[in-house]
Amino acid sequence: MNQLPFTEDTVIFGLLCLCLGFVFYTSSLKKGFWKKFYSIIPTLLMCYLLPAILASTGIINETESNTYYIASRYLLPAALILMTLSIDLKAILNLGSKALIMFLTGTIGIIIGGPLAILIVSIFSPETVGGNGFDAVWRGLATIAGSWIGGGANQAAMLEVFQFNQEKYGGMVLIDIVVANIWMAIILLGVGKTKRIDAWLKADTSSIEELKQKVSSHTAKIARVTSVHDFMMMVLYAFAGVGIAHLLGHHFADFLENNFEVIRNKEKILSSLGSKFLWMVVFATAIGIGLSFTKAKNYEGAGASKIGGVFIYILVATIGMKMDLGKVMENPGLIAIGLVWISIHAGLLILVAKLIKAPYFFLAVGSQANVGGAASAPVVAAEFHPSLTSVGILLAVFGYVVGTAGAYLCALLMEVASNV
């Protein structure tokens with residue numbers, strides 16, 4: 001008899017699917033409590049929180065689980081291919097410069113937010129931001145800066161550059177996950193109130209609506225009853241594409257590392273471009289875009305983006321189970337730094353969005369392209385509309401490029417702030 005916590009991937013995956021099934025069943029009910037509940041709480045947020053509750057209450061233990069790895073390495077690229085099959089590149093370019101402005105605003109918010117958070121918290125708790133040598137807190141926070149401006153590869157680069165005490169590194173990873181996931185939950189909460197937020201921002205959403213309309217009308221025109229042949233062809237495009245993306249991504253990353261010192265040396269600004277995950281995502285997206293110029297585009301009418309959406313929801317559930325809600329206040333001082341930091345990031349995004357009248361979509365995806373990277377920016381973008389997934393991907397890829405340089409600058413500023 002298997003005792004709690006469940007550690008087998010087969011059982012964990014079954015419980016995650018149970019969570020997803022429960023959310024989609026209850027969200028489909030048109031009367032009573034659940035109708036009111038989902039008018040406030042987005043379904044995607046629930047798909048994220050229920051697995052977090054399972055992990056936090058000790059029902060599952062994901063530390064040895066490969067479910068997130070499989071979802072992020074197999075299902076995510078498959079979803080990217082299926083969701084970019086019907087992409088309209090010209091319409092995406094017509095979205096204008098506001099998406100890039102909001103992304104860069106998010107990056108600046110992380111760079112200045114770190115040192116400001118240290119200064120603010122040091123007023124109330126100077127010991128929280130102290131430490132000497134390789135135990136210095138600012139060195140650990142540098143790894144969070146790397147994670148929040150790009151992703152895991154940038155985070156590893158910062159750990160290599162600033163040599164933070166490895167024994168204390170787990171605490172920084174915890175702050176990264178807890179604070180980033182709280183912020184993602186808030187962003188998802190806002191998705192259900194997009195029209196109200198856009199009205200407050202006085203945003204011009206015409207280009208976004210035009211893109212959504214073009215994709216929707218194209219889908220309606222090619223819609224058909226899906227056959228087994230259709231499903232098998234979509235499986236071919238998705239998972240053959242995943243295999244090709246991994247093959248090319250790994251070889252390309254190895255090529256860069258073997259031939260360029262600036263990539264190979266973890267202390268260099270462009271070292272994060274050696275990430276195999278980054279290039280796998282890039283090639284998967286490129287495959288999807290390439291297919292959009294062929295007859296494969298018509299498989300959108302057979303539900304290509306819907307299948308991609310299923311894969312994304314599974315990924316969200318595996319991300320959710322990595323969040324232990326019980327540890328949120330385990331280290332209140334460092335958590336406070338993280339919360340102040342992300343609040344500065346959020347505040348700057350809201351200010352700039354208000355000034356340039358940018359839609360909430362650009363704010364949300366611009367933020368997640370920094371804080372969440374390639375794993376969550378497309379997820380948040382797809383929650384607005386499947387046709388917008390590629391915007392999240394493109395910005396997340398850009399995040400990898402500027403991540404190490406931005407994090408390095410942030411770390412230097414945090415060192416100064418720690419010694420004030």
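This passage walks through the overall build of the chain, its nonpolar cores and two individual residues. The model is predicted, so local features need pLDDT of at least 70 and side-chain atom pairs count only at pLDDT 80 or more, while totals for chains, interfaces and linings use all residues. Residues are numbered from 1 along each chain as its sequence is written, and side-chain values use heavy atoms, with hydrogens and water left out.

Starting with the whole chain, there are 19 helices and zero strands (helices are DSSP runs of H or I with at least four residues, strands are E runs with at least two, and both are numbered from the N terminus). The radius of gyration is 21 Å, close to the 22 Å from the globule rule for 420 residues, so the chain is as compact as a globular protein of that length (the radius is taken over C-alpha atoms, and the rule is 2.2 Å times the number of residues to the power 0.38). The C-alpha trace spans about 65 × 50 × 50 Å along its principal axes. Of the 420 residues, 53% are buried (under 20% relative accessible area, with exposed meaning over 50% and partly exposed in between, using a 1.4 Å probe and protein chains only). As for contacts (heavy atoms within 4.5 Å), 83% of those between residues at least 6 apart in sequence join residues at least 24 apart.

Turning to the inside, the largest nonpolar core has 125 residues, and Leu141, Trp148, Trp341 and Phe361 have the most contacts inside it (such a core is a set of buried Ala, Val, Leu, Ile, Met, Phe, Trp, Tyr and Cys residues joined through side-chain atoms within 4.5 Å). Helix H9, residues 166-191, gives the most to this core, with eleven residues. Apart from it lies another core, of six residues, including Leu256 and Trp279. Back in the largest core, the residues that Trp341 touches, beyond those up to four places away in sequence, include Gly109, Leu141, Trp148 and Met414.

Lys354 sits in helix H16, residues 332-356, and is partly exposed at 32% relative accessible area. Leaving aside neighbours within four places in sequence, Lys354 is in contact with Trp200 and Leu201. A polar atom of the Lys354 side chain lies 2.5 Å from the backbone oxygen of Trp200. Lys202 is 152 residues from Lys354 in sequence, yet their C-alpha atoms are 7.4 Å apart.

Thr26, in helix H1 (residues 9-27), counts as buried at 3% relative accessibility. Outside its neighbours within four places in sequence, Thr26 is in contact with Trp34 and Tyr38.

Key
A polar contact is a pair of N or O atoms within 3.5 Å; within protein, one must be able to donate a hydrogen and the other to accept it, and residues adjacent in sequence count only if both atoms are side-chain atoms.
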